[in-house]
Amino acid sequence: MLTYITIPVGAFQENCRFLINQENGSTVICDPGDNARELYRLTEKYHLKVKAIILTHGHLDHCGGAMELARLLNVEILGPHRDDEYWLHNLDMQASMFGLESRPPLTPHRYLEDGEVLDIPDIGEKILVLHCPGHTPGQVCFYFKESGILLSGDVLFAGSVGRSDFPKGDPEQLISSIRNKLMILPDETRVLPGHGGESTIGEEKRENPYINGYFG
Ligand SMILES: [Zn+2]
Ligand SMILES: [Zn+2]
């Protein structure tokens, strides 16, 4: 079983997550959006053996610290889907929009495909990749079946959904991604979004007005 810790990073308080195999300390880091050095120090402090960095999408608040952290840890960056190349290659534009420090374009070691299963050494659990376009075209969510955890990025939030009014966003696609890829997961699945608090699939099925059609 995996345990996890959440470290909000950067100006947008994005939830960077460490997924940790409790038996051997092997760790996957999802969405190190900022504060790479601080995250690196945490891995040292807790003697974590980081095996990979995984990215949900190409927005700066999620991937802005990925290259520096990958260099410090000497690990690969996996994801998101190739359709987020537009965002990953325009990190400097994203940074200047928010008055943040400029970043070079990011090319992950590997893009991910819908339905792909990641088998990262020593993590002890496979990770299913779910391509969920709508917030960005190449956004993916990560499903840890054994631990019952969904990293939902900026697709699904507790009681809300991601914005779809950015360039290349698509509100209908977003809702159909959520209905067809996420709402079919078991009700007890813990939903860990890229911002804000946690939820479960069952709770979102019952309570989330965006999915239930009250807002079209
Ligand atoms: Zn985003
Ligand atoms: Zn975000």
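This tour proceeds from a zinc site to two pockets and then to aromatic rings.

The model is predicted: local features need pLDDT of at least 70, side-chain atom pairs count only at pLDDT 80 or more, and totals for chains, interfaces and linings use all residues. Residues are numbered from 1 along each chain as its sequence is written, and side-chain values use heavy atoms, without hydrogens or water.

**The zinc site**

Please select the zinc ion (ligand 1) together with His 57, His 59, His 135 and Asp 154. These residues supply its protein donors, through NE2, ND1, NE2 and OD respectively, at 2.1 to 2.3 Å. Donors are N, O and S atoms within 2.8 Å of the metal (3.2 Å for Na, K and Ca); water is not among the atoms, so sites may look incomplete. Next, add the zinc ion (ligand 2), which is 3.6 Å from the zinc ion (ligand 1); Asp 154 coordinates both. His 57 and His 59 are both buried, a term for under 20% relative accessible area, with exposed meaning over 50% and partly exposed in between (1.4 Å probe, protein chains only).

**The largest pocket**

Now select Phe 12, His 59, Asp 61, Phe 98 and Phe 166, which lie nearest the centre of the largest pocket among its 26 lining residues. A pocket is an open set of points on a 1 Å grid over the protein atoms alone, where a 1.4 Å probe fits, with protein on both sides within 12 Å along at least five of seven lines; lining residues have an atom within 4 Å of a point. Colour α5 (91–97) as well: this helix (a DSSP run of H or I, at least four residues) gives the most to the lining, with three residues.

**The second largest pocket**

Move on to Gly 64, Gly 65, Glu 68, Arg 103 and Pro 104, the closest to the centre of the second largest pocket among the 15 residues that line it. Here α3 gives the most to the lining, with three residues.

**The aromatic rings**

Return to Phe 12 and Phe 98: their ring centres are 4.9 Å apart and their planes at 75°, so the pair is edge-to-face. Rings of Phe, Tyr and Trp (its six-membered ring) pair if their centres lie within 6.5 Å; planes under 30 degrees apart count as stacked, over 60 as edge-to-face and the rest as tilted. Phe 12 is partly exposed, at 38% relative accessible area, and Phe 98 is partly exposed at 40%.

Finally, select Tyr 86 and Trp 87, an edge-to-face pair with centres 5.1 Å apart and 75° between the planes. Tyr 86 is partly exposed at 32%, whereas Trp 87 is buried at 4%. Add Phe 166, which forms one aromatic cluster with Tyr 86 and Trp 87.

Conventions:
Chains are lettered from A and ligands numbered from 1 in the order in which they are written. Helices (H or I, at least four residues) and strands (E, at least two) are DSSP runs, numbered from the N terminus.
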